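Work through the following exercises with the sequence and the coordinates at hand, and compare each of your results with the solution given below it.

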Amino acid sequence: MRRKFCNLMGKSIILFTAFGVVFLMFLMLFHILSESLMAFTEIGIHMFLPDAQWRPVSENPQYGLMPVIAGTLYVSGLAVSAALVFGIGCAVFLSFYVPKQIAKVLLSFIELAAGIPSVIFGFIGLTVLVKWFAGHFGMAAGQSVLAASIVLGIMLLPFVVSTCQESIQNARNTYELAALALGFSREMLIVRIILPAISKGIVASAMMAFGRGLGETMAVMMVIGNSPIYPKLLGRAQTLPALTALEMGSIEYGSRHLSVLYAANVILLVILLLTMVCGHLLHRRALQNET
């Protein structure tokens, strides 16, 4: 009787927690959408015109979000591209060229790096990378899209390595013995069989890493320069999370400026949701095909 009561209480707590999380998510979405309604109704498409600038406190205010959206996508895209190149190589190296026990230890340290606070990455990037850019590229301050992409790519690297390594292990279990029986070398196995077999997993990993990179705030904000202009590789730019973090605390509640910031977060949530859903579906399909 006591065991049944404990099981019932445990299930009730779990269900209550699950429904509570879902309720809080919908409550958050409702709040963001309701606060952004003013921006969508009063400004509308003008927020997304290519020539509109971000000048919310000028005499003739403009609330152009396209430069900031472009900066968000540009930085995240460069970071994911760099993380994929090094992440796939690291996953292949750990899977094929390192003893299993050592590989497990190295993977543990790589996954541990994912838990380092982003402000530490941003501080190192600001004091080392930005300073190096300023000295070697003749830049005034060194803060740039390239610096932000490098810092963000390093932060995404553990996620890419762990995801790709999991896909590689599943593909090895399926194809390795048959390929070796046919006389394939290890390098031919990797290039001709393993990498093509996990291509969907790689794409899914890239999309999920892209989604994680979209929401990064502190590290990117510290090294990108925070100028709401169209991004250039060695120029300054700004991202949607950084824009929100910098301006949200100093705006009058109920103003049009605040509503536009909420609208910017609605756009960010839509991009993030589409990216994460597509990445999750591709990753699940890739794992099913590999097994």
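**Exercise 1.** The charged end of which residue sits over the ring of Phe 159?

*Solution.* Start from the basis of the values: this is a predicted model, in which local features need pLDDT of at least 70 and side-chain atom pairs count only at pLDDT 80 or more, whereas totals for chains, interfaces and linings use all residues. Residues are numbered from 1 along each chain as its sequence is written, and side-chain values use heavy atoms, with hydrogens and water left out. Next, apply the criterion that a charge sits over a ring if NZ of Lys or CZ of Arg is within 6 Å of the ring centre and within 35 degrees of the ring normal. The residue sought is Arg 212, whose charged end lies 4.7 Å from the centre of the Phe 159 ring. Arg 172 is likewise placed over the face of Phe 96, at 4.4 Å from the ring centre.

**Exercise 2.** Determine how many aromatic pairs there are, and classify two of them.

*Solution.* Rings of Phe, Tyr and Trp (its six-membered ring) pair if their centres lie within 6.5 Å, and planes under 30 degrees apart count as stacked, over 60 as edge-to-face and the rest as tilted. The count by this rule is three aromatic pairs. One of them joins Trp 54 and Tyr 63, which is edge-to-face because the ring centres are 6.1 Å apart and the planes stand at 75°. Another joins Phe 93 and Tyr 97, where the centres are 6.2 Å apart and the planes lie at 15°, so this pair is stacked.

For the surroundings, take buried as under 20% relative accessible area, exposed as over 50% and partly exposed as in between (1.4 Å probe, protein chains only). Trp 54 and Tyr 63 are both buried, while Phe 93 is partly exposed at 45% and Tyr 97 is partly exposed at 34%.

**Exercise 3.** Establish whether Cys 90 and Cys 164 are in a disulfide, and assign each cysteine to a burial class.

*Solution.* A disulfide is a pair of cysteine sulfur atoms within 2.5 Å, and by this rule the count is zero. For Cys 90, the nearest cysteine sulfur is that of Cys 164, 9.9 Å away, and Cys 90 is in no disulfide. The relative accessible area of Cys 90 is 26%, which makes this residue partly exposed; Cys 164, at 2%, counts as buried. For the chain as a whole, buried residues make up 43% of the 291 residues.
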